[in-house]
Amino acid sequence: MAELMADRVEKLKDADVFVYHGKIFIPNTYTAGAVGSRFLIELRDHKKIMGTRCPTCDKVYVPARSICKYCFAQLDQWEEVSDKGTLLTYTVAGQSNGVQPVAPPIIYGIIQLDGASTGLVHMLSEVDFEKLVIGMRVKAVFREKRVGSILDIKYFKPLA
Amino acid sequence: MTTEKKADKKPEYIKVEIAKPRAYRWSTGKYLGKLYKEAMEKKRLVTNRCPKCKQLLWPPSAVCGRCNVEAGEDWVEMNDKGTVIQYTYLVFPLWDPHYGDRLANPYPTATIKLDEGVFLVHFLEEKDPEKLKKVKRVQAVWKEEGRGRGLADILYFRTIDE
Amino acid sequence: MGNRVAIVGIGQTYHKSNRKDVNMQEMVGEAVRAALADAQMKAKDVEAVFTANMETFENIFLPDELMADEMAAFMKPGLKVGTGGTSGASVVEEGFHFVASGLFDTAMVIGFEKQDCGDTTAAITAAVTPVWGKGVATGAIGEFAKQALTYMEKTGAKEEHAAMVRLKADKGACRNPYAHLKLGLKTVKEVLDSGYLVWPLRLLDFCPQSCGACALILASEHKAKKLTKKPVWIADVVTVHQEPFRAGSFGDPTGTEEYTQDIAAERLYKRNGITNPIKDICMAEIYEPSNWEEMSHYEHLHFCPKNEGWKMVEKGITEMEGAFPVNPSGGVLATNPIGATPTIRVAEAALQVRGDAGEHQVTRDVHTALATALGGPNWTVMTLLKRSL
C-alpha cells in the first residue's frame, strides 16, 4: 500500500511554489438495487438481456430500470429483448486511462437492441473501425465466465 | 407514507466495488509555498501578518478574510513550541484516505497553540493515555530527511519540560 | 420578506445502514414519491427540483444528473446545493427563495445520502487539504472528541449527562418508524459500556452512517391553501457561515472562537420577535452529531445560559414530555444520512407543527418549531416553522 500511495513533491524552478503529487484512496461500493441486480443476474445465469416496459408510454428500457422517465410510473413489467440490434452510432477511444475495461483502442457503440426503446452503450469487436456503418446489424457475444456485470457481454460484433 | 415490501425468499443483490487510488496534483501557491520552503530548508515555521488588523494569518494566505484585504508579505518567523489545548486518540481504527489504510498514523492528535498565538492540529509523540493528560508544553520534532511537504515535515510534537 | 411559502408535502425513506435493494436514484425516488403522496400532487405539478448531498461520500460526480428522472426533475429547472454539512438545510432555503420570489408556485427540495457506498470519515478526512492535514485529520469525529473533552472540563458536565442525551434520542427513535438506530436502551450504564471510537467519544455518543433521503414540497400561499388544510409555514431562514475555526474544523477547544450558531440564533430571534426562545418556540429539531454537541448547542442556541446545557438534560426539560422538547425524532444520533439529515430536521419539525408525528409527537402543543443544521466548518442554518403566520 505504501508504494501505491507514494507521493512526490515538485518545487517549481523559478518560484517558491511546490506542487504536491498525491493520491486519495477511498474504496466505494455501489448497489445495483433489486431491478439492476435482476438485469445483471439474467445476463450471468441465462445470457438473457432484459428490459422493463412502461405500458403507458409504450417504452422498453434496457438496461432494465425501475422508473419511466416520461410519466414517472414505477415499472414492474419485465420482458426479454433480442441479443441482436442496430448500431445507432460509434466511436473509438485511443488513449488509455486507469478505468477502461480492456486496453485501447476500444470501439464504443450505442446499440438499440430489437425490442428496446433505448440505446445500450457497449464495445464493438471482430470488425475494422473503417467498415463500421450507422444502421449496421450487430449481435451480442457473451463471455464464457460471467459474474453479473455488464461486461458479461464481451462485445457486439457485426451480424454476418 | 411508503410501506416496506417483504421478499418471500432472500433475493440476490449485486454490488459493484470500485477501489482505485485517485491521483491528484495540488499546488501550494506562493504563500503556502514560502511556509513549505522554510520548513524544508530551515526546519522552521513562518507565516504572514495582515497589514490592517495585524493578526497573524495561519496558514499563510493571500488575503485576510476578516478585513477583505490582500495580506502582503509581512513574514513572521514562529517558534515551533506550543501548548496543548486539547487532544484525542483513536481507539477504533479509522480509514485514512491519504494512506489508503486504517490507523495510518498511530500517534494521538492534538490542537496545539503555538507560542505566537496560532493554532495547529498535529500529532503528539506521547501515546500513553495517562501521561497524555499531563502533556502541556510541546515542541516540534522535525524529519531529518524527506522534507518538502509542509506541516508533514514535522513528525510530531514532543513533550518538553518548561 | 418575500411571499409566503408553506411546506405542503413531507416524505422520507426508512433510514437504514445498508440499502442493497436499491441504487442511489431509486432510494431518492422513494422519498420523492412519499412527499408527492403526502401532498396529493403528481410529479408534473412540481415546477422545480433541488437536491443536496455530499458528493465525496458516494464519489459520484453530478448525482443530480444521475437521478433527474427519479426526483421528478425530467425537463425541469433546479439546482444542486452544496454547503457542506448544512446542504440539506440550504436546499430547503433554496426552494424557499424560489417560491418566495413569486416566480415559482411549487418546488421540491431533497436531501439524501447513500453511505453504504463509501467511508464517511475517510471522505471528510480527504476534504482536508493535502499535506496540510495529511494523516492529522481524524475526520469529523476527532474534532468532536476534542470538543467533548473541552465541554466536560469547562462546564462540569459528566459522562452520565451525555448518556442521558443518548437515552432520550433512542426513546424517540424507537417511536419513529423512519429512524435508523432503534436500540431499546434502558440505562446510562449501557451507553457508558459501549467502546471508545475516538477517546473520549464512545460508539453510542456518536451518530451512525445511514442511507436515506428526505423530500419536502413547498408551495406558495394561494397554492398551499388549495392543497392542504395543514400547511406548515416557513417563517424565516437564517444562514451564517464563517471561515473554519482557526483551531480545527468543527470544534473550538480554545474557547476563543465565535460560533455561527450564536450569531444565527441572535439574528433569527431578533427578526421574529423571539425574546424567550424556549417559551416562544415550542420545540426544536437540532443537528447534534454527538450527545456532547447537543448540550453545547442548547447554550449556543440560547436555550439556556452558557455552561448549563447539561442542566437542561438533568432536569428533563428537553424530553418529549418536557417543557421544551428537543429531537423527539431521535435526532442525528439515531439517524444520519448526512445530505438528508438537515432536511429531516425540517421535516420532523414540520410534522410536529402539523400534529402528524404519531408516537413521537411531543406533549406540548406546537405552533412554532425550530430546525437547525450544522456543518463543518462551523456553518449554521436555522429554519423557523409556524402553524400560522
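These are my notebook entries on a predicted model, covering sheet, helices, cores, chain contacts and backbone outliers.

**Entry 1. The sheet of chain C**

I began with the strand order in chain C. Nine strands form an open sheet, and they run in the order β3-β2-β4-β7-β1-β8-β11-β10-β9. The pairing in this sheet is mixed. I then looked up which strands lie at the edges, and found β3 (78-80) and β9 (283-285) of chain C, each pairing on one side only. From one strand to the next, the twist averages 25 degrees.

I examined one pair within the sheet in detail. Strand β2 (residues 49-52) and strand β4 (residues 106-114), both of chain C, pair over four bridges in the parallel sense. Opposite A52(C) I found G111(C) in β4(C).

**Entry 2. Helices on the sheet**

I next asked which strands α1(C) lies across. I found β1 (5-12), β4 and β7 (211-220) of chain C, with the helix running at about 130 degrees to β1(C). I also looked up α15(C), which packs on the sheet. The strands that α15(C) touches are β1, β4, β7, β8 (232-240), β9, β10 (368-375) and β11 (379-386) of chain C. The direction of α15(C) makes about 170 degrees with that of β10(C).

**Entry 3. A helix pair in chain C**

Two packed helices are described by the angle between their axes and the distance between the axes. I therefore noted both values for helix α4 (residues 87-100) and helix α15 (residues 341-354) of chain C: the axes come within 5 Å and cross at roughly 60 degrees. The two helices are therefore oblique to each other. From α4(C), the contact is made by G88(C), A89(C), V91(C) and V92(C). From α15(C), it is made by T341(C), P342(C), T343(C) and V346(C). I sorted the contact by class and recorded five nonpolar, three polar and no charged residues.

**Entry 4. Nonpolar cores**

I looked up the largest nonpolar core and found 175 residues in it. Those with the most contacts inside this core are A35(C), M108(C), I110(C), L216(C), A369(C) and L385(C). Helix α1 (residues 24-39) of chain C gives the most to this core, with nine residues.

I followed A369(C) further, leaving aside its neighbours within four places in sequence. A369(C) is in contact with I281(C), C282(C), M283(C), A284(C), A349(C), Q352(C), V353(C) and L385(C). Apart from the largest core lies another, of 33 residues, and F18(A), L35(B), A39(B) and I85(B) are among them.

**Entry 5. Chain C against chain B**

I counted the contact between these chains as 35 residues from chain C and 37 residues from chain B. On the side of chain C that touches chain B, α1, α5 (120-127), α6 (139-155) and β5 of chain C each supply at least two residues. α6(C) gives the most to this side, with six residues. By class, the residues of this side of chain C divide into 16 nonpolar, ten polar and nine charged.

I also found strand pairing between the two chains. Strand β8 (residues 81-90) of chain B and β5(C) pair over two bridges, in the antiparallel sense. The bridge partner of Y89(B) in β5(C) is W199(C).

**Entry 6. Chain A against chain C**

Here I found 16 residues of chain A in contact with 23 residues of chain C. On the side of chain A that touches chain C, β2 (18-24), β3 (28-31) and α1 (33-46) of chain A each supply at least two residues. β3(A) gives the most, with four residues. I recorded this side of chain A as eight nonpolar, seven polar and one charged by class.

**Entry 7. Backbone outliers**

Most residues other than glycine have a negative phi, and most peptide bonds are trans. I looked up exceptions to both.

The peptide bond from W199(C) to P200(C) is cis, with omega near 5 degrees. P200(C) lies in the loop between β5 (196-199) and β6 (201-202) of chain C. In chain A, the bond from V62(A) to P63(A) is cis, with omega near 0 degrees. P63(A) lies in the loop between β5 (59-61) and β6 (77-81) of chain A.

M75(C) is not a glycine, yet has a positive phi of about 65 degrees. I placed M75(C) in the loop between α3 (63-66) and β3 of chain C. Is M75(C) buried or exposed? M75(C) counts as exposed because it has 8 C-beta neighbours inside 10 Å.

N327(C), also not a glycine, has a positive phi of about 55 degrees. N327(C) sits in the loop between α13 (309-314) and α14 (331-334) of chain C. N327(C) is buried, since 27 other C-beta atoms lie within 10 Å.

Key: Residues are numbered from 1 along each chain as its sequence is written. Chains are lettered from A and ligands numbered from 1 in the order in which they are written. This is a predicted model: local features need pLDDT of at least 70, side-chain atom pairs count only at pLDDT 80 or more; totals for chains, interfaces and linings use all residues. Axes are lines fitted to C-alpha atoms, for helices over the stretch in contact, and angles run from 0 to 180 degrees between N-to-C directions. Angles under 35 degrees count as roughly parallel, over 145 as roughly antiparallel, 65 to 115 as roughly perpendicular and the rest as oblique. Two residues are in contact if their C-beta atoms, placed from the backbone, lie within 7 Å. Ala, Val, Leu, Ile, Met, Phe, Trp, Tyr, Cys and Pro count as nonpolar, Asp, Glu, Lys and Arg as charged, and the others, Gly among them, as polar. A nonpolar core is a set of buried Ala, Val, Leu, Ile, Met, Phe, Trp, Tyr and Cys residues joined through C-beta atoms within 7 Å. A residue is buried if 20 or more other C-beta atoms lie within 10 Å of its own, exposed if 12 or fewer, and partly exposed in between; C-beta atoms are placed from the backbone. Two strands pair if DSSP finds at least two bridges between them.
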